[in-house]
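Good morning, colleagues. I would like to use these few minutes to go through two interfaces in one model. Please look at the structure as I speak.

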Amino acid sequence: MTTSSGPWSDCMPASLAAREILCVVNVREKSHQTRPNQTNKMDPSEVEFLAEKETVKIIPNFSLDKIFLIGGDLGPFNPGLPVDVPVWLALNLKQRQKCRIVPPEWMEVEKLEDIREQERKEKTFTPVPSPYYMELTKLLLNHASDNIPKADEIRTLVKDIWDTRIAKLRLSTDSFISQQEAHAKLDNLTLMEINTIRAFFLDSLNCMYKLRSNLQPGSSQGQFMDY
Amino acid sequence: MNMQSYFPVPPGVGMEENFLSLDDILLSHERLPVRSDCAFPRLGFLEKSADTQDIAEGTKMELPLWLTKGLYEKKRKVVSVELPKVYREGWRTVFNADPNVVDLHKMGPYYYSLGSQLLHFDSPENPDIAQTLLQTFIGRFRRTMDSSQNAYNEDTSAVVERLDSLEKGASCLM
């Protein structure tokens with residue numbers, strides 16, 4: 001997995017590092033009376049927004065001097081010379097027909113087929129080509145499919161990889177709950193996958209905690225409220 | 001990103017109820033079979049089945065949960081609560097055998113919450129009831145999770161109909 005070494009890597013918030021290791025501690029140890037205005041959901045569009053910070057190579061057809069943005073500098077643009085830019089800029093330039101997008105090196109039929117076979121063989125999660133593979137595939141294939149060879153096959157392959165990983169995730173959450181384990185560690189999960197189960201899983205763990213506290217009489221024996 | 005200005009109070013699961021939660025308010029309307037342990041003079045009009053002036057000792061009635069919780073006291077025997085059908089031995093074995101088969105919506109849409117409230121009333125079967133509640137929830141977890149993520153790729157309304165209101169809230173399948 002390549003990590004970008006440009007100026008953009010400094011803006012990664014610490015919370016995104018959690019995508020690599022998901023440690024789910026039994027909610028018993030935390031206070032979890034969810035207050036009404038605290039939602040435990042993250043919108044998929046927010047995940048996509050975070051994915052747009054990844055860099056991708058483009059070949060512009062205009063020229064521009066180096067521009068200095070808050071997040072970092074974007075190198076001088078010369079027609080015909082490849083330059084690394086964040087995805088949000090790449091998509092914007094592509095829509096204005098000012099550049100050509102070069103697909104990332106993992107976005108190839110053979111590589112994705114290998115990843116898919118490995119994912120199906122292993123029982124745990126294999127390392128992903130990019131921490132935002134799902135979003136990048138969708139964005140790049142929607143806006144720049146003419147620059148990417150064999151776009152449909154790539155779409156199918158990525159969907160297969162996604163389905164396999166989600167099935168493994170569901171299996172592991174099911175065994176976590178049914179055996180009432182206290183701690184789980186899942187490596188190589190991406191933020192989008194975590195997001196699919198986040199809300200339901202946390203709510204269920206809350207409910208399980210409260211139902212389990214019924215088993216201990218006296219610890220939660222409250223007074224009757226005076227209505 | 002939730003920009004709503006109205007945040008509904010969630011139901012309190014477990015032995016507490018949230019005072020402001022609509023689900024808990026509706027829950028407290030559920031009726032429990034109750035036996036009165038002392039006479040209630042001049043309250044005969046509450047008991048529709050018999051036309052007596054007083055409610056004699058030992059009358060079996062159905063009272064809502066809010067009234068029962070208010071009247072129940074361990075030391076002074078005012079009322080004694082019997083378990084509703086769904087929480088008794090027979091149904092408990094059904095739940096332990098296969099929780100997925102049961103239609104929890106029909107059993108009273110507030111199966112888990114009412115069961116937790118029943119634990120206030122010091123029945124000798126309390127630990128078994130609590131254990132059954134937990135095991136039922138765990139047993140049904142897989143089905144509920146799959147249907148909330150549209151994993152079945154088919155119409156899930158038949159599954160949703162059979163869910164308790166707690167499960168519906170967690171999976172946002174309301």
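I shall take the contact between the domains of chain B, and then the contact between the chains.

Please bear in mind that this is a predicted model. Chain B is assigned domain 1, residues 29-82, and domain 2, residues 85-173. The centres of these two domains of chain B, taken over C-alpha atoms, lie 29 Å apart. Eight residues of domain 1 of chain B touch eight residues of domain 2 of chain B. Together the two domains of chain B bury about 830 Å², with 71% of that area on carbon and sulfur atoms. Which three residues supply the most of the area that domain 1 of chain B buries against domain 2 of chain B? They are B:Glu30, B:Lys69 and B:Tyr72, which supply 52% of it. Between these domains of chain B there are zero salt bridges, while two residue pairs are in polar contact. Helix H2 of chain B, residues 65-71, gives the most to the domain 1 side, with three residues.

I turn now to the two chains. Here 39 residues of chain B meet 32 residues of chain A. The buried area is about 3,200 Å² between chain B and chain A, and carbon and sulfur atoms give 66% of it. Two salt bridges are counted between chain B and chain A; B:Asp146 and A:Arg170 form a salt bridge through their side chains, at 2.8 Å from N to O. On the chain B side, helices H4 (111-118), H5 (126-148) and H7 (165-171) each give two or more residues. H5(B) gives the most, with 14 residues. By class, that side of chain B has 22 nonpolar, 12 polar and five charged residues.

Technical notes: Residues numbered from 1 in each chain as written. Chains lettered and ligands numbered in written order. Predicted model: local features only at pLDDT ≥ 70, side-chain atom pairs only at ≥ 80, totals over all residues. Heavy atoms only, no water. Domains from an automatic or database assignment. Contact = heavy atoms within 4.5 Å. Buried area = accessible area lost by both parts, 1.4 Å probe. Salt bridge = Lys/Arg side-chain N within 4 Å of Asp/Glu carboxyl O. Polar contact = N/O pair within 3.5 Å; in protein donor to acceptor, adjacent residues only side chain to side chain. Helix = DSSP H or I, 4+ residues; strand = E, 2+ residues; numbered from the N terminus. Nonpolar A, V, L, I, M, F, W, Y, C, P; charged D, E, K, R; others polar.
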